[in-house]
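The following exercises are to be worked with the sequence and the coordinates at hand. Each task is followed by a solution in steps.

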Amino acid sequence: MKLLLRENKHVLPLQKCIAGDDVKNLSDSELLSIILGTGTKKNDVTEISLKIITQLGGLRGILNSGIREISKITGIGIRKAIRIHSAFELGRRVITDNDNNKKIDSPLSVRELLLPDFAGLENEIFIVLIMNNKNYLLKKKIISMGTISEAIVHPREVFRDAIREGGSSIIVSHNHPSGITTPSSEDIKTTKRISEAGKIIGIPLL
């Protein structure tokens, strides 16, 4: 007697992975549906997941949404909203698990160190990295948190902790939530002002 295997046209993402599919091949909504686990009588979990992503404006929108804001979406509730936030928090902890003893020797190493601080932010922040004489990180300090268009900084704020920590040099960075990476005229003026102050103090801007 032959067994006839019929293809299920509506295979849940979790079932796909159990059958051998790689998690990396799943879409955003499929990954979210695995986190949620179950749907409702009216909508299955994949439909609810797609609704969350659409309604909140993608993964970044979910990241920036509050637990109770997410819980108000039909089919979610407070427990599932907490699950979603917990998944994002796990991801954040993975990328923030940086070795502060790592030598900072290139723009790429600065990017890798600061990416977790800047990821998903809607406002500008200005960060100073305080280095020792061998370019190892002594301290990372947020100097200011600005509006969506500007972060106000002053050289005295930038160098205060560098002096206290006995820093040999500093690196400064700030984000552009707009996604436009071209420095503004104010960015350039601020950088020059900090650089000149560093020369006077004896703590150069790298």
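**Exercise 1. A salt bridge between two elements**

Task: Aspartate 117 has a relative accessible area of 23%; classify this residue, and then characterise its salt bridge with lysine 140 in this predicted model.

Solution.
Step 1. Buried residues lie under 20% and exposed ones over 50%. Aspartate 117, with a relative accessible area of 23%, is therefore partly exposed.
Step 2. Lysine 140 has a relative accessible area of 35%, so this residue is partly exposed as well.
Step 3. The side chains of aspartate 117 and lysine 140 form a salt bridge with an N to O distance of 2.9 Å. Because aspartate 117 belongs to helix H7 (residues 107–118) and lysine 140 to strand E2, the pair ties together parts that are 23 residues apart in sequence.

**Exercise 2. Salt bridges within H9 and around H8**

Task: Determine where glutamate 196 and lysine 199 lie, and examine the salt bridge of glutamate 157 with arginine 156.

Solution.
Step 1. Helix H9 contains both glutamate 196 and lysine 199, which are three residues apart, about one turn of the helix.
Step 2. Their side chains meet in a salt bridge of 3.5 Å, N to O. Glutamate 196 is partly exposed at 45%, whereas lysine 199 is exposed at 59%.
Step 3. For glutamate 157 and arginine 156, the N to O distance of the salt bridge is 3.8 Å. Glutamate 157 is partly exposed at 29% relative accessibility, and arginine 156 is exposed at 52%.
Step 4. A network of salt bridges also links Lys139, Asp161 and Glu165. The total count is seven salt bridges.

**Exercise 3. The two sides of H8**

Task: Establish which residues of helix H8 (residues 155–164) are buried, and which elements cover them.

Solution.
Step 1. The buried residues of H8 are Pro155, Val158, Phe159, Asp161 and Ala162.
Step 2. Viewed down the axis of H8, these residues fall within an arc of 155 degrees, so they line one face of the helix.
Step 3. The cover over the buried residues includes E1, E2, strand E3 (169–174) and helix H9 (185–201).
Step 4. Arg156, Ile163 and Arg164 are exposed on the other side of H8. Glycine 166, with a positive phi near 70 degrees, follows the helix.

**Exercise 4. A hairpin and its turn**

Task: Describe how E1 and E2 are joined, and identify the backbone feature of asparagine 135.

Solution.
Step 1. E1 and E2 run antiparallel and are joined by seven bridges. Phenylalanine 126 stands opposite serine 144 in E2.
Step 2. The two strands form a hairpin with five residues between them. Asparagine 135 is located in the loop between E1 (125–131) and E2 (137–145).
Step 3. Although asparagine 135 is not a glycine, its phi is positive, at about 65 degrees. Its relative accessible area of 23% makes asparagine 135 partly exposed.

**Exercise 5. A buried lysine**

Task: State which residues lysine 80 touches, and how far away the nearest side chain of opposite charge is.

Solution.
Step 1. Lysine 80 is part of helix H6 (residues 77–96). Among the elements of the protein chain, H6 has the lowest mean pLDDT (86).
Step 2. Leaving aside residues up to four places away in sequence, lysine 80 touches Leu36, Thr38, Gly39 and Gly75.
Step 3. Lysine 80 is buried yet has no salt bridge. The nearest side chain of opposite charge, that of aspartate 44, is 11 Å away, and the salt-bridge cut-off is 4 Å.

Definitions and conventions. Residues are numbered from 1 along each chain as its sequence is written. This is a predicted model: local features need pLDDT of at least 70, side-chain atom pairs count only at pLDDT 80 or more; totals for chains, interfaces and linings use all residues. Side-chain values use heavy atoms; hydrogens and water are left out. Helices (H or I, at least four residues) and strands (E, at least two) are DSSP runs, numbered from the N terminus. Buried means under 20% relative accessible area, exposed over 50%, partly exposed in between (1.4 Å probe, protein chains only). Lys and Arg count as positive and Asp and Glu as negative; His and the chain ends are not counted. Contact means heavy atoms within 4.5 Å. The arc is that of the directions from the helix axis to the C-beta atoms. pLDDT is the predictor's confidence in each residue, from 0 to 100. Two strands pair if DSSP finds at least two bridges between them.
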